Amino acid sequence: MKIFTIFGNPVSHSKSPLMHNYVFKKLNYDATYTRTHLEDGSKLKEIFFSQKLSGANVTVPHKEVAFEACDEVRGFAKKIGVVNTLINENGRLIGYNTDADGFLFSIEEFKDIKKILIIGAGGTAKALAQRFLEEGLTVDVLNRSENRLGYFKDIGCKIMHWDTFSSSKYDLVVNTTSAGLKDENLPAPKEIIQTILNSTNYVADAIYGKLTPFLMLAKEKNIPFKDGSDMLLGQGVLANELFTKNTLSKEDIKKYMSESFSL
Ligand code: NDP
């Protein structure tokens, strides 16, 4: 039996084990998917091989150390230095990123998106920013602290931190911070969030499974919004295809994975 896991801290909230196990069961794929609470990211590779894993997902805050741990990184992940999916290929650790395409899938219903504000500057923000730029969109990034913003400036985004924030009109604002995940924090001070929400057409949050304080404010203002569930589905389908080496039908994976959300 093949073993997969998700590495993260926190990881108890993750729906990935439920999603992947349901697909494996429904499609008679001989595998199980566990969760691994990982404090020290530098141990990721050692633990991956000691658990005899065939593959894994990586979540907050280890996606950048996962990139460093890989023997080889493929596709879009190489461009951004952020890995959320790992595969054991004959004892070599191969890294991929399925988050950005998962997010694009999730916002298909939002129309005429040209200018986007990303709140946050972590791994998810990098993936989305790079992918949006590839689609020809204008991307601004707002983060709590300054030190992670250099990457975004270099790839052509306008960068701001809380002290240098200035308002603009956006088609879409996305929260990619972990504010609201395990607490009730907004991703920026309330005055800034209010200003941002007063001039955007759509709102999205990468966090799933709860109405974050950020989404709650969007809801109060009647702005169309979505949480991270469809992004989760999108990235999960792509990761499952990698885990099962394209032996299962994508439509079936998608069908059962979305069915697992209502379990
Ligand atoms: P990282 O740890 O790489 O980045 C976290 C970011 O959040 C940093 O920019 C950090 O700012 C900011 N941040 C953390 N706490 C606060 C706070 N209290 N107020 C303001 N900013 C804060 O995380 P990831 O990019 O890996 O993940 C981010 C979120 O996206 C998580 O909640 C994760 O669950 C979610 N996610 C969901 C997915 C889905 O499928 N739906 C897929 C991927 C991620 P600073 O630089 O100042 O520290």
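## What to look for

A salt bridge is a side-chain nitrogen of Lys or Arg within 4 Å of a carboxyl oxygen of Asp or Glu. Side chains of opposite charge can pair when their charged atoms come close. The structure above is a predicted model, and it holds 16 salt bridges. Let's visit a few of them.

## Glu89 and Arg74

Begin with Glu89, which pairs with Arg74; their closest N and O atoms are 2.9 Å apart. Glu89 sits in strand β5 (residues 85-89), while Arg74 is in the loop between β4 and α4 (76-80), so this salt bridge ties together parts that are 15 residues apart in sequence.

How exposed are the two partners? Glu89 has 29% relative accessibility, so it counts as partly exposed. Arg74, at 23%, is partly exposed too.

## Asp71 and Lys45

Asp71 makes a salt bridge with Lys45, again with the closest N and O atoms 2.9 Å apart. Because Asp71 belongs to the loop between α3 (63-69) and β4 (72-73) and Lys45 to helix α2 (residues 44-50), the pair links parts 26 residues apart in sequence. Asp71 is partly exposed at 37% relative accessibility, and Lys45 is partly exposed at 29%.

## Lys210 and Glu184

Here the side chains meet at 3.1 Å, N to O. Lys210 lies in the loop between β11 (200-205) and α9 (213-220), and Glu184 in the loop between β10 (170-175) and α8 (190-197), so the salt bridge ties together parts 26 residues apart in sequence. Lys210 is partly exposed, with a relative accessible area of 23%, whereas Glu184 is exposed at 54%.

## A shared network

Salt bridges can also share partners: Lys79, Asp101, Arg131, Glu134 and Glu135 are joined into one network this way.

Definitions and conventions. Residues are numbered from 1 along each chain as its sequence is written. This is a predicted model: local features need pLDDT of at least 70, side-chain atom pairs count only at pLDDT 80 or more; totals for chains, interfaces and linings use all residues. Side-chain values use heavy atoms; hydrogens and water are left out. Helices (H or I, at least four residues) and strands (E, at least two) are DSSP runs, numbered from the N terminus. Buried means under 20% relative accessible area, exposed over 50%, partly exposed in between (1.4 Å probe, protein chains only).
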